[in-house]
Amino acid sequence: CGQPLRPGGGRRPTRPPGPFCCWANAQASSSTRNALSGKCCWGRYRSAISKVATSGAPPRILHSSDEAPYVVPKDWSPDGKQILAVINREDKTNQLGLISAADGSVRVLKTLDWRWPTARFSPDGRYALSGTDEKTLESWDLATGGLLKTLTGHDDSVLSVAYSPDGRYALSGSADRTVKRWEMKTGRMIGTLEGHGGPVIS
């Protein structure tokens, strides 16, 4: 793709001159014993997210689109029923969306003007946490699709996020070379880890 896509990364691949596809990202699901793979495409091909069974069964396409040059899976819900994904559209906007693993339908949480989000499900699957180069994190109620709160404190792009196993806390890594710890109930920042020599990406 010219430049490799990495989990949580923010670099846009270079568009080749003709029809072209490449694999963009992968996420595993412990509950369903499957993995997801994303494919970015240009020209006559369709971008797609496929389910790859660890048993060796043939991959099954869960979602495909003619309108998005690439679709990148970010996380699989704990019950295996939904996929958090970044959908990059021809108009150069990014959508953070929920894709149904059953029928491939998409519910958009947010549209961004070329800001590459990172995102993770909460351990109970009820919430999602996202971060972008707006220097903030956003907590989402997935039942309603509504924004619950915005977490501020980073001085540069948020490149990675993760929940604690009990969902009470979260960590975020940033281009400001710090890791911050958050209390999710209040949205309060409760700690900062410093000392990294570069951007913190997981």
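This passage walks through a predicted model of a single protein chain, from its overall make-up to its strand pairings and two individual residues.

The protein chain has 202 residues, and 50% of them count as buried. Its secondary structure consists of 16 strands and 0 helices. The accessible surface comes to about 9,900 Å², with carbon and sulfur atoms contributing 49% of that area. Of the contacts between residues at least 6 apart in sequence, 36% join residues at least 24 apart.

Confidence is a helpful thing to check before turning to the details. The mean pLDDT of the chain is 75, and 65% of the residues reach 70 or more. Over residues 1-26 the pLDDT falls below 50, although this stretch has 73 contacts in the model beyond near neighbours in sequence. Residues 37-46 also have a pLDDT below 50, and here the model shows 55 contacts beyond near neighbours in sequence. Where pLDDT is low, the predicted coordinates should not be read in detail.

A convenient place to begin is the run of strands E5, E6 and E7. Strand E5 (residues 70-76) pairs with E6 in the antiparallel sense over 6 bridges, and one pairing to look for is that of Pro 73 with its bridge partner Ala 85 in E6. The two strands form a hairpin with 5 residues between them, in which Gly 80 takes a positive phi near 75°. E6 continues the pattern on to E7, to which it is joined by 7 bridges, again antiparallel. In this pairing Ile 87 stands opposite Gln 95 in E7. The hairpin of E6 and E7 has 5 residues between the strands, and Lys 92 takes a positive phi near 70° there. Strand E6 (residues 82-88) is largely enclosed by the rest of the structure, because 6 of its 7 residues are buried.

Leu 96 offers a closer view of the neighbouring strand. This residue lies in strand E7 (residues 94-100). Is Leu 96 buried or exposed? Its relative accessibility is 2%, so Leu 96 counts as buried, the cut-off being under 20%. Setting aside residues up to four places away in sequence, Leu 96 touches Leu 84, Ala 85, Arg 107, Val 108, Leu 109, Lys 110, Pro 117, Ala 119, Ser 130 and Trp 140. With Arg 107, one of these contacts, the C-alpha to C-alpha distance is 8.8 Å across a separation of 11 residues in sequence.

Further along the chain, 4 strands make an open sheet with antiparallel pairing, in the order E9-E10-E11-E12. Strand E9 (118-121) and strand E12 (146-152) stand at the edges; each has a single partner strand, so one side of each is left without a neighbour in the sheet. From one strand to the next the twist averages 20°. Within this sheet, strand E10 (residues 127-131) and strand E11 (residues 136-141) run antiparallel and are joined by 5 bridges. Gly 131 has Leu 137 as its bridge partner in E11.

Ala 143 sits in the loop between E11 and E12. With a relative accessible area of 71%, Ala 143 is exposed, because the cut-off for that class is over 50%. Apart from neighbours within four places in sequence, Ala 143 is in contact with Arg 107 and Arg 126. Ala 143 and Arg 126 are 17 residues apart in sequence, and their C-alpha atoms lie 6.9 Å apart in space.

Another open sheet of 4 strands follows the order E13-E14-E15-E16, with antiparallel pairing. Its edge strands are strand E13 (158-163) and E16, each of which pairs on one side only. Neighbouring strands of this sheet are turned against each other by 25° on average, direction ignored. E13 and strand E14 (residues 169-174) pair in the antiparallel sense over 5 bridges, and Tyr 163 stands opposite Ala 170 in E14. Strand E15 (residues 179-183) runs antiparallel to strand E16 (residues 188-193), to which it is joined by 5 bridges. For Lys 180, the bridge partner in E16 is Thr 192. E15 and E16 form a hairpin with 4 residues between them, and Gly 187 in the turn has a positive phi of about 80°.

Methods
Residues numbered from 1 in each chain as written. Predicted model: local features only at pLDDT ≥ 70, side-chain atom pairs only at ≥ 80, totals over all residues. Heavy atoms only, no water. Buried < 20%, exposed > 50% of the residue type's maximum accessible area, 1.4 Å probe, protein only. Contact = heavy atoms within 4.5 Å. Pairing = 2+ DSSP bridges. Areas by Shrake-Rupley, 256 points an atom, 1.4 Å probe, with all protein chains shown as cover. Axes fitted to C-alpha atoms, helices over the stretch in contact; angles between N-to-C directions. pLDDT = per-residue confidence, 0-100.
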